[in-house]
Amino acid sequence: MKRSHSPDKSDSGDKKKMSSYDEEIGSTSQAVTRAVDSGRGDSEEIEVVEDNKELRSTGTPSSVGEYTTTDNKPLPSSSEQISDENGQEKEAMEEDKAKEETEGESSYDVREEKEKSERWQLVPTTTRQRLNYLLTSSKLSDCSILVGQADAQQEFKLHSVVLAMSSPEMEDLLSDTREAVIPDVEPDVFKQILEYIYLDYVNLWSVEKTQALYRASVKFKLPHLCEKAVEYMMAKMSLDSIWPIFDAAIATQDQILSDECTKFFKKNINDLLKHPNFPSVDHSVIAKLVTDDSLGVPEADLISGVLKWAHQKCVNSDLVPNLDNKRTVLCPGTISNLRFLALSKEYFASQVAFSTMRGDESILTMEESYAILMNMVHPNSYPMPEGFSSLTKQRTVVELTRLVRRVFNPLGNYQVISPQSPRIDKLTVFPGPSLTAPFGCKSFSLDLVISKSIVLYGIQVPTFFPGMIGTTPKIYEETYIVSIQNASKPNKPMIGSINWTGKVAYNSFVDLQFKDNIRLEKNSTYTIMVYTNNMYYLNQKLCTVEELNGVKFTLKDSVTIFGKPGKQDFAFISQIIYSL
């Protein structure tokens with residue numbers, strides 16, 4: 001049955017219905033807003049939304065008439081207004097949904113960062129970084145090693161697979177157990193070993209530490225680390241550093257390092273015999289020194305050094321330093337190689353021979369002293385003690401000869417014209433270009449042929465001539481790399497080398513000595529090559545044929561310009577240092 005509407009009540013009725021509708025729409029918006037704000041919302045709010053839907057469905061929006069606003073524009077119909085309101089609600093819900101998605105993404109990023117911080121594998125970018133983390137954190141460690149003496153022991157929690165991968169000694173050590181003790185290596189040195197094994201990192205800064213690292217690397221069978229340590233020690237050899245290096249060579253029985261130390265001893269024997277550390281060297285050093293015929297030291301200095309060594313060896317061994325104990329620590333082979341007959345009679349009688357006033361300072365008995373002294377006064381007049389040397393010759397130094405190459409003069413006059421013109425008779429090189437020396441070089445070579453076999457010890461090269469500039473510094477840094485090849489053989493093998501770095505003075509010459517003395521055979525061709533760090537500008541030629549002490553030298557100089565052999569025969573090697 002239809003409901004009738006009276007015209008006079010339509011306005012008031014419509015207003016009432018409009019008010020009721022507005023209340024319903026307001027309550028619906030509030031309910032949706034509460035539901036969206038609370039995420040999914042609770043059961044009561046969901047129920048409120050459903051109730052309002054029922055209210056909306058029972059309304060009579062079709063009975064709402066049109067209204068006019070104050071600007072005389074018609075208001076939307078109730079159906080249009082409901083549609084607008086629903087659109088606004090939909091937009092609000094879409095905005096809230098987008099906000100939820102943004103917040104969800106943000107929370108996912110936070111969770112991802114948290115996972116990264118918790119999973120250490122995700123942070124390092126290289127294998128070295130991961131191994132460094134394992135080494136420093138002991139993460140995933142499966143073995144424990146105690147290192148050092150009991151009073152300074154340190155525990156290292158490590159990874160057996162990493163250790164075994166680098167060191168066969170470590171593999172054997174951890175094959176049956178996961179706990180080990182290494183008492184003969186210091187913890188600091190062991191840390192260096194671990195840095196090498198885990199990170200392939202080597203840091204050498206002192207000879208004392210390096211020789212300890214060298215011994216440990218020999219113990220753990222790490223050959224590459226041994227090579228690095230030996231190279232460092234050989235480069236740092238000096239009067240003060242040679243002692244721990246030689247001790248390490250003896251302890252590890254490294255023949256190469258031992259030979260290098262012996263060569264250094266021979267070259268610096270006078271200073272080393274007087275060094276306070278000499279009495280602490282190993283007996284093998286003494287044995288090598290007393291058997292060397294060309295040691296180049298007076299016999300008196302050698303015997304004095306041997307006596308000091310024997311005395312200190314007895315003290316270190318808790319033995320009374322008397323004649324018998326000294327003879328015991330020296331061994332018969334040492335005394336038999338001492339050349340007592342090479343001493344002067346006065347020195348022998350006052351410093352070496354047995355004397356009741358000097359007590360046990362000597363290593364000779366009264367009978368031995370008498371026999372030696374009688375042979376000094378009247379050679380072969382009295383039998384020498386059994387096993388003693390009858391040599392009277394000093395251990396002489398090999399006499400070195402210098403071939404000083406002359407500056408080429410087409411007129412054939414090689415005399416110095418004037419003392420005020422020293423550049424006339426010597427090789428001169430410049431730090432910059434000039435009219436006579438437009439091209440600079442860093443690579444020089446000399447082909448050498450000799451008429452008689454010699455032993456080559458080294459060469460000499462010039463330094464910068466300062467020129468006319470008054471502000472030129474007095475010294476500069478230079479590096480020389482020298483090699484010599486046997487050019488007569490098919491593969492031109494290298495038979496010697498020099499690597500020298502240091503400060504050199506302007507307007508001077510530098511002697512570069514080979515590590516090993518090199519025998520050059522007659523009528524063979526040898527090429528000496530020199531590489532420098534600085535650029536040298538040459539403008540002088542040296543003579544291509546020289547003769548000295550019955551040896552004829554045929555020489556040919558060349559330079560390398562822009563990576564190609566130069567045609568100029570300008571010279572850089574000024575002297576050849578050799579012996580017959």
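Zero disulfides (a disulfide is a pair of cysteine sulfur atoms within 2.5 Å) are found in this predicted model. Two cysteines can be placed by accessibility, where buried means under 20% relative accessible area, exposed means over 50%, and partly exposed lies in between (1.4 Å probe, protein chains only). Cysteine 261 counts as buried because its relative accessibility is 0%. Cysteine 441 is also buried, because its relative accessible area is 3%.

Because the model is predicted, local features need pLDDT of at least 70 and side-chain atom pairs count only at pLDDT 80 or more, while totals for chains, interfaces and linings use all residues. Residues are numbered from 1 along each chain as its sequence is written, and side-chain values use heavy atoms, with hydrogens and water left out.

The term pLDDT stands for the predictor's confidence in each residue, from 0 to 100. The protein chain has a mean pLDDT of 77, and 74% of its residues reach 70 or more. Residues 1–75 stay under 50 in pLDDT, and for them the model has 51 contacts (heavy atoms within 4.5 Å) beyond four places in sequence. The pLDDT is also below 50 over residues 413–424, a stretch with 13 contacts in the model beyond near neighbours in sequence.

How many salt bridges does a search of the whole structure find? The search finds nine salt bridges, each being a side-chain nitrogen of Lys or Arg within 4 Å of a carboxyl oxygen of Asp or Glu. Three of them are listed here.

| Arginine | Acidic partner | N to O distance |
|---|---|---|
| Arginine 395 | Glutamate 299 | 2.7 Å |
| Arginine 402 | Aspartate 511 | 2.5 Å |
| Arginine 405 | Aspartate 557 | 2.6 Å |

Helices (H or I, at least four residues) and strands (E, at least two) are DSSP runs, numbered from the N terminus. Glutamate 299 belongs to helix H14 (residues 299–316), and arginine 395 to the loop between helix H18 (366–377) and strand S4 (401–404); the two are 96 residues apart. Both arginine 395 and glutamate 299 are buried.

Aspartate 511 is in strand S10 (residues 509–520) and arginine 402 is in strand S4, so this pair ties together parts 109 residues apart in sequence. Aspartate 511 counts as partly exposed at 39% relative accessibility, and arginine 402 is partly exposed with a relative accessible area of 37%.

Aspartate 557 lies in strand S13 (residues 551–561), 152 residues apart from arginine 405, which is in the loop between S4 and strand S5 (429–430). Aspartate 557 is buried because its relative accessible area is 5%, and arginine 405 is buried because its value is 4%.
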